[in-house]
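This briefing covers one protein model, with the salt bridges taken up before the pocket, the helices and the backbone. Please keep the sequence and the 3D view at hand while reading.

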Amino acid sequence: MEYIIRPAVESDWPEIKQIYEAGMDSGLATFETKAPSYELWSDSETSYCRLVIEAETQILGFCKLSLVSKRPVYSGVGEVSIYIDPAHFGKGVGQKLMEALIQASEQQGFWTLEAKVFPENEASIRLHKKNGFREVGVRERIGKRDGVWRDNVLLERRSKVNGIH
């Protein structure tokens with residue numbers, strides 16, 4: 001199957017939202033329980049490197065970076081969001097998308113990428129580690145989802161292109 005990775009556009013939102021909702025429904029992807037509007041999801045002040053991966057005009061996944069802070073000192077630190085349509089798990093889609101996101105982030109001047117992943121989401125943790133992320137630690141009981149306290153594994157990747165090495 002031939003994949004195309006390109007910037008996300010507003011007309012992609014229905015498919016992006018559907019994939020995001022599948023992630024929410026899994027209970028493994030996010031604390032969120034309701035998808036945001038397109039305007040909130042694509043906020044140009046805090047959201048960068050919004051990409052989709054598609055095959056035969058069907059979107060199979062998406063990713064984006066969100067600033068971890070609006071403070072200028074953290075302008076090169078982005079939080080990774082990456083979601084794959086469950087029908088395409090295990091087919092290398094996440095790997096291709098992650099590679100493209102890392103390249104796009106470095107072109108945008110990001111020097112650190114971080115991800116916060118539920119410990120039960122072992123596939124996501126493996127994907128991040130395969131792409132140079134290291135486990136910084138576990139943030140215990142960092143937030144509630146459906147009234148239940150959940151942990152997050154904090155992962156971090158430092159650019160070999162941007163920043164001080």
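Arg158 forms a salt bridge with Glu156, and the closest N and O atoms of the two are 3.4 Å apart. The model is a predicted one. A search of the whole structure finds 10 salt bridges, and its largest pocket holds about 1,400 Å³ of space.

**Salt bridges around Glu156**

- Arg158, the partner of Glu156 at 3.4 Å, has a relative accessibility of 51% and counts as exposed, because the exposed class begins over 50%.
- Glu156 also meets Arg134 through their side chains, in a salt bridge of 3.1 Å from N to O.
- This second pair links distant parts of the chain, with Glu156 in strand β7 and Arg134 in strand β6 (residues 134–145), 22 residues apart.
- Glu156 has a relative accessibility of 16% and is therefore buried, the limit for that class being under 20%.
- Arg134 is at 48% relative accessibility, so the residue counts as partly exposed.

**Salt bridges around Arg6 and Asp12**

- Arg6 and Asp12 are joined by a side-chain salt bridge, at 2.8 Å from N to O.
- The two residues belong to a network of salt bridges that links Arg6, Asp12 and Glu54.
- Asp12 is buried, with a relative accessible area of 5%.
- Arg6 has a relative accessible area of 21% and is therefore partly exposed, given that buried means under 20%.

**The largest pocket**

- The largest pocket encloses about 1,400 Å³.
- Its lining has 48 residues, and those closest to the pocket centre are Ala29, Ser81, Ile82, Tyr83 and Ser124.
- Two or more lining residues come from each of the helices α1 (13–26), α2 (38–41), α3 (93–107) and α4 (122–130).
- The strands that give two or more residues to the lining are β3 (58–67), β4 (77–84) and β5 (112–117).
- Sorted by class, the lining comprises 23 nonpolar, 16 polar and nine charged residues.

**Helix α4**

- Which residues of α4 are buried? They are Ser124, Ile125, Leu127 and His128.
- Viewed down the helix axis, the buried residues of α4 fall within an arc of 160 degrees, so they line one face of the helix.
- The face of α4 turned away from this buried side carries the exposed residues Glu122, Arg126 and Lys130.
- The packing partners of the buried residues of α4 are β4, α3, β5 and β7 (148–158).
- Ser124 is thus listed among the buried residues of α4 and also among the residues closest to the centre of the largest pocket.

**Two residues of helix α3**

- Gln95 lies in helix α3 and is buried, with a relative accessible area of 16%.
- Leaving aside residues up to four places away in sequence, Gln95 touches Leu127, Lys130 and Asn131.
- Of these contacts, Leu127 is one of the buried residues of α4, while Lys130 is one of the exposed residues on the opposite face.
- Lys96 is also found in helix α3, but at 38% relative accessibility Lys96 counts as partly exposed.
- With residues up to four places away in sequence again left out, Lys96 touches Tyr3, Ile5 and Ile53.
- The C-alpha atoms of Lys96 and Ile53 are separated by 8.2 Å, although the two residues are 43 positions apart along the chain.

**Positive phi angles**

- Most residues other than glycine have a negative phi.
- Thr57, which is not a glycine, has a positive phi near 65 degrees.
- Thr57 sits in the loop between β2 (47–55) and β3, and its relative accessible area of 69% makes it exposed.
- Arg141, also a residue other than glycine, has a positive phi near 45 degrees.
- Unlike the loop position of Thr57, the position of Arg141 is in strand β6.
- Gly132, just after α4, takes a positive phi of about 90 degrees.

Definitions and conventions: Residues are numbered from 1 along each chain as its sequence is written. This is a predicted model: local features need pLDDT of at least 70, side-chain atom pairs count only at pLDDT 80 or more; totals for chains, interfaces and linings use all residues. Side-chain values use heavy atoms; hydrogens and water are left out. On a 1 Å grid over the protein atoms alone, a cavity is a set of points where a 1.4 Å probe fits but cannot get out, and a pocket is an open set with protein on both sides within 12 Å along at least five of seven lines; lining residues have an atom within 4 Å of a point. Grid points are joined across faces, edges and corners, and a volume is the space filled by probe spheres set on the points. Helices (H or I, at least four residues) and strands (E, at least two) are DSSP runs, numbered from the N terminus. Ala, Val, Leu, Ile, Met, Phe, Trp, Tyr, Cys and Pro count as nonpolar, Asp, Glu, Lys and Arg as charged, and the others, Gly among them, as polar. Buried means under 20% relative accessible area, exposed over 50%, partly exposed in between (1.4 Å probe, protein chains only). The arc is that of the directions from the helix axis to the C-beta atoms. Contact means heavy atoms within 4.5 Å. A salt bridge is a side-chain nitrogen of Lys or Arg within 4 Å of a carboxyl oxygen of Asp or Glu.
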